[in-house]
Amino acid sequence: MSETQDAEADAEADAGTAAETASPARPHTGRRRNEAAHRAILDAALHLLAESDGTPVTIDAIARTAGVGKQTVYRWWPSKGAVLLDALTDRADQDVHGPDTGDLGADLRAFITTTFEAAQHDTTASALRTVAREAARDPHLAELMRGFTAARRGALRELLARGRERGELAEHADLDLIADQVYGVFWYRFLLGHATLDADTAERLASSLTRGNAPG
């Protein structure tokens with residue numbers, strides 16, 4: 001590098017240092033851009049899954065719909081399945097409330113009610129039906145379904161475990177069986193449509209499970 005180039009580089013460095021010193025409170029927008037891109041990718045994945053009608057959803061399609069490069073997707077997720085699982089789980093976490101009020105009956109009613117309500121949102125309902133329908137013949141979607149249901153059961157089991165620790169459920173209460181009963185009702189009605197997933201059903205189901213597993 002010549003002396004002239006050295007001088008120019010030093011001048012640029014000095015200018016950068018001066019600018020940073022003069023503007024110490026300048027907001028950093030990189031985090032906001034990353035959060036916006038992350039959200040756009042999750043929303044795109046869920047939308048494509050809902051509209052796919054069994055057609056495989058690709059990383060290329062997710063990136064294109066989100067308006068980002070494919071490498072941006074791979075920065076956060078190792079595979080298409082990981083993106084789709086995160087998209088479904090993220091939506092469920094937004095829509096389903098698992099409060100900790102100290103009252104198991106109230107918490108369980110809220111959890112079941114919001115689970116039922118969330119499944120009736122157009123995009124969520126379509127995405128879940130696509131995964132459930134295609135999982136029987138697509139190992140990738142079957143694995144996605146197992147991951148999603150395990151995450152939802154885990155959230156419900158934590159809620160139930162807190163209630164048991166407070167003495168609101170019998171010590172021998174089978175938390176996995178209770179979770180099976182909640183999601184058994186949910187998936188049976190959601191997939192077959194023989195009855196509604198309404199607030200009254202959520203209320204009666206929560207009451208039945210807490211009474212049937214009460215201590216003593």
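Two residues are in contact when heavy atoms lie within 4.5 Å of each other. The structure is a predicted model, in which local features need pLDDT of at least 70 and side-chain atom pairs count only at pLDDT 80 or more, while totals for chains, interfaces and linings use all residues. Residues are numbered from 1 along each chain as its sequence is written, and side-chain values use heavy atoms, with hydrogens and water left out.

**View 1. The whole chain has 10 helices and 0 strands.** Helices (H or I, at least four residues) and strands (E, at least two) are DSSP runs, numbered from the N terminus. Of the 216 residues, 38% count as buried; buried means under 20% relative accessible area, exposed over 50%, and partly exposed in between (1.4 Å probe, protein chains only). Among contacts between residues at least 6 apart in sequence, 66% join residues at least 24 apart.

**View 2. Confidence is lowest, among the elements, in helix α1.** The score is pLDDT, the predictor's confidence in each residue, from 0 to 100. The chain averages 85, and 85% of the residues score at least 70. Helix α1 (residues 3-22) has a mean of 38, whereas helix α10 (residues 199-212) has the highest mean, 97. Over residues 1-28 pLDDT stays under 50, and the model has 2 contacts beyond four places in sequence for this stretch. Where pLDDT is low, the predicted coordinates should not be read in detail.

**View 3. Helix α8 covers residues 139-165.** Its 27 residues reach 38 Å from the first C-alpha to the last, close to the 39 Å expected at 1.5 Å a residue; the expected span is 1.5 Å times one less than the number of residues. Buried residues of α8 include Leu141, Leu144, Phe148, Arg152 and Leu156. The buried residues of this helix pack against α5 (80-95), α6 (104-118), α7 (122-134) and α9 (175-192). At the start of α8, a side-chain oxygen of Asp138 comes to within 2.9 Å of the backbone nitrogen of His140. Just after the helix, Gly167 has a positive phi of about 85°.

**View 4. Arg153 of helix α8 is in contact with Tyr183.** Arg153 is partly exposed, with a relative accessible area of 25%. Leaving aside neighbours within four places in sequence, its other contacts are Asp176, Ala179 and Asp180. The C-alpha atoms of Arg153 and Val182 are 9.3 Å apart, although 29 residues separate the two along the chain.

**View 5. Five residues, Phe116, Tyr183, Phe186, Trp187 and Phe190, form one aromatic cluster.** Rings of Phe, Tyr and Trp (its six-membered ring) pair if their centres lie within 6.5 Å; planes under 30 degrees apart count as stacked, over 60 as edge-to-face and the rest as tilted. The whole structure holds 6 aromatic pairs. One of them, Tyr183 with Phe186, is edge-to-face, at 6.3 Å centre to centre and 90° between the planes. These two residues are 3 apart in helix α9, which means that about one helical turn separates them. Tyr183 is buried, with a relative accessible area of 10%, and Phe186 is buried at 4%. Phe186 also pairs with Phe190, and this pair is stacked: 5.5 Å centre to centre, 10° between the planes.

**View 6. Arg129 lies over the face of Phe190, at 4.2 Å from the ring centre.** A charge sits over a ring if NZ of Lys or CZ of Arg is within 6 Å of the ring centre and within 35 degrees of the ring normal. The charged end of Arg75 sits over the ring of Trp76, 5.5 Å from its centre.

Note on methods:
Polar contact = N/O pair within 3.5 Å; in protein donor to acceptor, adjacent residues only side chain to side chain.
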